Amino acid sequence: MGRYVARRLLQMIPVFIGTTLIIFLMVHILPGDPIRAMWGDKAADPAQVASLRHEFGLDQPLWKQYVDYMANLFQGDFGKTFGGRQVIDEMSESFPVTLRLTAVAMLIEIIVGIGLGAWAGLRAGKAADTGVLIFTLIVISIPVFVLGFLARFVLADTLGWVAPNVQDSTDYAQLFLPGFVLAMLSMAYVARLTRTTFAENLRADYMRTAMAKGLPRRRIVGVHLLRNSLIPVVTFLGTDVGGFIGGAVVTEGIFNVQGVGNLLFKALQQREGSTIVGVVTVFVLVILVINLIVDLLYAVLDPRIRYA
Amino acid sequence: MRGAKSAKWVAGAAIIALAATACGGGDKDGDSGMNSGKADPNGILTAQLGEPQNPLQPANAKESQGSRVLRTIFSGLVDYEPGTGKLTYVNAESVTPNEDSSVWTVKLKPGWKFHDGTPVTAKSYVDSWNWSANVKNNQTNSSWFQDIKGYEDVHPEKGDPKSDKMSGLKIVDENSFTITLTGPVSYFAYKLGYDVWAPLPEVFFKDPAAAGQKPIGNGPYKFVSWDHKKLIKVRKFDDYQGPNKAKNGGIDFKNYTTAEAAYSDLRSNNLDWIEQVPTTSLTSYKQDLGDRAIDAEYSAVQSIVPAFYTKQFKDIDPKVIQGLSMAIDRDTITKTVLHGTRTPADSYVARGVLGYKPGALGDITKFDPAKAKKLIEEGGGVPGNKISIQFNADQSHKPWVDAVCNSIRKATGVECTGDSKPDFQADLNARDNKQVKSMYRGGWVLDYPVNSNFMRDLYGTTAAGNTSGYSNKEFDELAAKADKAKTLDETVKMYQEAEQLLKNDMPAIPLWFYKNNSGQSENVFGKIVYGQDGDPIFTDVQVKAKK
């Protein structure tokens with residue numbers, strides 16, 4: 001197990017370097033000069049442009065910019081924004097917000113998704129099952145931004161139950177609506193996935209054995225069935241964390257959440273290389289770590305799985 | 001089962017409801033009673049603001065977000081009267097030129113203080129300008145000081161500055177100083193209304209970076225806090241001496257991720273002012289907001305500009321461009337495609353600017369397909385019988401570009417297409433590198449309300465704003481003469497003559513003037529008044545007293 005973790009951690013290094021390099025190149029390959037664009041339609045002053053380019057190291061050859069960037073990164077320096085702030089400050093303000101939003105979404109996804117899936121799976125082929133399948137199909141086919149606008153229109157603008165926007169991104173209660181919208185799509189997938197594995201495992205031999213032993217139903221479903229059915233679901237949930245952070249770009253925009261999706265979107269508009277690469281770097285790290293955790297969780301769910 | 005089914009119906013019903021209201025528009029806010037109740041002199045206004053791109057240093061705000069805040073914290077020497085563009089004095093008692101307008105004497109109103117209690121003196125201005133002009137300090141607006149003698153010493157084209165002081169600035173006594181220019185500029189006082197000319201307190205120069213995060217100014221509001229990407233707070237400065245004392249207690253500038261989010265907060269009174277109604281609500285916002293809808297013109301013009309360095313327009317007969325201009329149905333396009341958010345342009349100079357002459361371009365901006373066709377034929381036709389209009393796709397330019405093209409195609413038979421660039425950076429890149437294939441979208445918001453700003457700074461051969469390669473000796477000479485004129489009136493008149501020269505030459509086709517389509521919440525007392533630059537006059541906004 002220890003060796004497995006060490007090997008996985010070592011594998012992260014080339015992945016990490018590769019992804020940052022690709023993002024770095026992509027940002028710089030785009031046409032147009034972000035420094036020049038600060039002047040907009042009005043004419044830029046060449047001497048000042050040159051001076052600013054020098055300050056942000058944009059006058060260096062690309063390979064040197066990358067090497068410098070990585071060297072600084074390993075010392076914990078993510079560089080500066082064009083506004084002169086540290087990228088790390090910007091990230092430490094926005095990442096907790098997105099993490100909170102992701103946590104809310106994750107919770108909803110797990111509770112509602114697995115609950116709904118289990119409920120339908122135990123009634124496979126019956127009306128309840130069909131109902132859940134139709135409902136999830138509808139949810140899956142509606143894009144997130146439509147769902148977001150719809151939720152805001154109905155709940156805030158028409159009924160007036162909630163404020164249309166998040167006023168304080170640190171308040172969990174306010175994050176519930178955007179979290180719910182963010183979770184909807186994955187929740188539908190989790191429900192369907194759970195339902196299928198439940199329905200399948202119901203017919204498995206160990207279930208028949210458990211029933212024959214005369215175990216109480218609560219224990220059969222809660223331990224035997226649930227635990228064995230969770231492996232594919234956990235895999236999905238793991239990869240979904242990455243999806244949430246990406247999906248937050250849309251949801252955060254709709255509900256005015258000042259999170260990392262918003263930070264990334266604004267940085268892309270301004271072509272602020274240091275911020276873009278910094279945020280994506282953290283994304284990559286988060287996803288790598290989550291994948292590792294998911295893989296390690298398998299053994300907890302099914303002790304037969306061994307790591308080599 | 002039941003839950004699932006009813007959820008489906010709720011979703012369906014919501015979609016229908018959404019569609020119905022999108023057509024009908026709500027009228028619940030129709031009568032808003034803007035003027036009922038009382039104003040609270042200490043009420044706090046909440047206004048929309050994007051995160052300023054640069055630190056809050058007066059010469060570093062090229063974009064409107066930063067400058068919106070800076071203008072509340074700093075007061076300059078002069079300002080303009082909204083609507084007429086007339087000069088008014090703020091921190092200056094007088095700004096007077098010598099005989100040929102090459103040396104200007106500034107006298108300050110005594111007794112002014114910065115928010116930290118230190119006095120505002122001639123030195124505060126001179127030090128500020130010297131620092132801001134210095135190329136090493138990386139202020140995006142440093143080129144604004146180029147009229148001043150000695151500018152190239154602090155801001156050379158290459159290498160390090162020779163000096164940190166401009167020789168043209170001299171302190172006479174505590175409250176007066178002189179500015180020597182490299183040549184005569186009759187309207188120099190008008191330029192002084194821009195943010196870059198603000199004074200800076202001593203403490204600024206000790207740590208300019210820190211001062212950019214926590215600015216200390218001399219304006220009607222003092223800075224309180226800046227919670228990055230969320231909120232900027234400014235509060236009324238009680239010792240303010242200027243004529244534009246704040247009529248409210250302060251402003252909370254709130255950041256929004258999208259225009260839609262801001263608009264829905266405005267409608268639920270969580271926000272008192274938005275900068276622009278989102279495109280999706282333009283057709284319904286007047287019904288939604290009633291009296292509280294804002295629809296005000298400001299001094300900015302949009303045009304399409306032929307790239308004169310291309311084969312197509314190199315030796316073109318101006319009649320062809322005049323013909324193209326007459327082929328554009330401005331009235332219909334502004335009303336339909338642009339939902340009345342613009343008004344058709346009839347001159348190169350925007351309304352509200354000194355020297356704007358209604359109908360200066362005569363028939364050239366009137367829609368007349370027959371004449372358009374005739375003019376193009378007389379001028380020898382458009383080479384290749386095909387033009388394209390370059391624009392950036394990251395803003396909503398495509399609808400009007402398509403409409404303009406359609407209009408030209410229908411009226412004259414000249415093939416016209418949009419040439420879309422993915423974003424603004426790429427669009428600028430093509431313009432700067434002279435890679436525009438045919439024509440490009442141009443826009444200009446006033447820097448100072450004198451007609452020269454809309455002509456010399458755009459169409460002069462060496463003007464920095466001239467990216468089309470247009471050059472006319474006669475125009476350059478007239479502009480130079482106009483700048484040296486003895487009085488401002490003469491300057492303005494000569495530029496009006498110059499406008500007629502441009503009319504014969506057509507360096508660009510003006511399309512329309514911009515308007516502000518915005519709104520205010522129910523917390524605002526009376527209607528918000530706008531300045532010529534398209535921003536509200538925040539000091540005049542009154543907040544309703546809570547009942």
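1. The second largest pocket. In this predicted model, α3(A) makes the largest contribution to the lining of the second largest pocket, with six residues. The space in that pocket comes to about 1,200 Å³. Its lining counts 45 residues, and those closest to the centre are D45(A), S143(B), Q146(B), Y151(B) and A464(B). Both chains therefore appear in that list of closest residues. Elements giving two or more residues to the lining are α3 (46-55) of chain A, and α4 (151-154), α16 (452-459) and α17 (473-484) of chain B. By class, the lining splits into 17 nonpolar, 12 polar and 16 charged residues.

2. Size of the A–B interface. An interface is often sized by the accessible area lost when the parts come together. Here chain A and chain B bury about 4,300 Å² between them. Carbon and sulfur atoms give 54% of that area. On the chain A side, D41(A), K42(A) and Q48(A) lose the most area to chain B. Together these three residues account for 14% of what that side buries. The contact draws 51 residues from chain A and 55 residues from chain B.

3. Polar links across the interface. Side chains of opposite charge can pair when their charged atoms come close. Between chain A and chain B there are four salt bridges. One to look at joins the side chains of R36(A) and D432(B), with N to O at 2.5 Å. The two chains also share 23 residue pairs in polar contact, counted where both residues have pLDDT 80 or more.

4. What chain A presents to chain B. Seen from chain A, the elements that give two or more residues to the side touching chain B are α2 (34-37), α3, α5 (87-121), α6 (127-141), α7 (144-158), α10 (217-255) and α11 (260-270). Which of them gives the largest share? It is α7(A), with six residues. By class, this side of chain A has 23 nonpolar, 14 polar and 14 charged residues. Helix α3 of chain A thus has two roles to check: it is listed on the side that touches chain B, and it lines the second largest pocket.

5. Fold of chain A. Chain A has 12 helices and zero strands. Along the sequence the pattern reads α-α-α-α-α-α-α-α-α-α-α-α. Taken along the principal axes, the C-alpha atoms of chain A fill a box of roughly 85 × 55 × 30 Å.

6. Salt bridges overall. Over all chains, the whole structure holds 37 salt bridges. One of them lies within chain B, where the side chains of D535(B) and R68(B) meet with N to O at 2.9 Å. Why does this pair tie together parts that are far along the sequence from each other, 467 residues apart? D535(B) sits in the loop between β19 (524-525) and β20 (542-544) of chain B, whereas R68(B) belongs to helix α2 (residues 64-73) of chain B, so the bridge links parts 467 residues apart in sequence.

7. The largest cavity. Rolling a probe the size of a water molecule over the atoms shows where empty space is left. The whole structure has three cavities of 30 Å³ or more. The largest has a volume of about 230 Å³. Its lining has 22 residues, and V305(B), Y440(B), G442(B), L458(B) and G465(B) lie nearest the centre. At least two lining residues each come from β13 (293-306), α15 (424-432), β17 (439-445) and α16 of chain B. Strand β17(B) gives the most, with four residues. The lining divides into 11 nonpolar, seven polar and four charged residues. Helix α16 of chain B is worth viewing twice, as it supplies residues to this cavity and also to the second largest pocket.

8. The second largest cavity. This cavity holds about 100 Å³ of space. From chain A, its lining includes R85(A), E90(A), E93(A), S94(A), Q258(A), G259(A), N262(A) and L263(A). From chain B come H228(B), K229(B) and K230(B). Helices α5 and α11 of chain A each supply at least two lining residues. The largest share, three residues, is from α5(A). By class, the lining has one nonpolar, five polar and five charged residues. Both α5 and α11 of chain A also give two or more residues to the side that touches chain B.

Definitions and conventions:
Residues are numbered from 1 along each chain as its sequence is written. Chains are lettered from A and ligands numbered from 1 in the order in which they are written. This is a predicted model: local features need pLDDT of at least 70, side-chain atom pairs count only at pLDDT 80 or more; totals for chains, interfaces and linings use all residues. Side-chain values use heavy atoms; hydrogens and water are left out. On a 1 Å grid over the protein atoms alone, a cavity is a set of points where a 1.4 Å probe fits but cannot get out, and a pocket is an open set with protein on both sides within 12 Å along at least five of seven lines; lining residues have an atom within 4 Å of a point. Grid points are joined across faces, edges and corners, and a volume is the space filled by probe spheres set on the points. Ala, Val, Leu, Ile, Met, Phe, Trp, Tyr, Cys and Pro count as nonpolar, Asp, Glu, Lys and Arg as charged, and the others, Gly among them, as polar. Contact means heavy atoms within 4.5 Å. Buried area is the accessible area (1.4 Å probe) that two parts lose on being put together, summed over both. A polar contact is a pair of N or O atoms within 3.5 Å; within protein, one must be able to donate a hydrogen and the other to accept it, and residues adjacent in sequence count only if both atoms are side-chain atoms.
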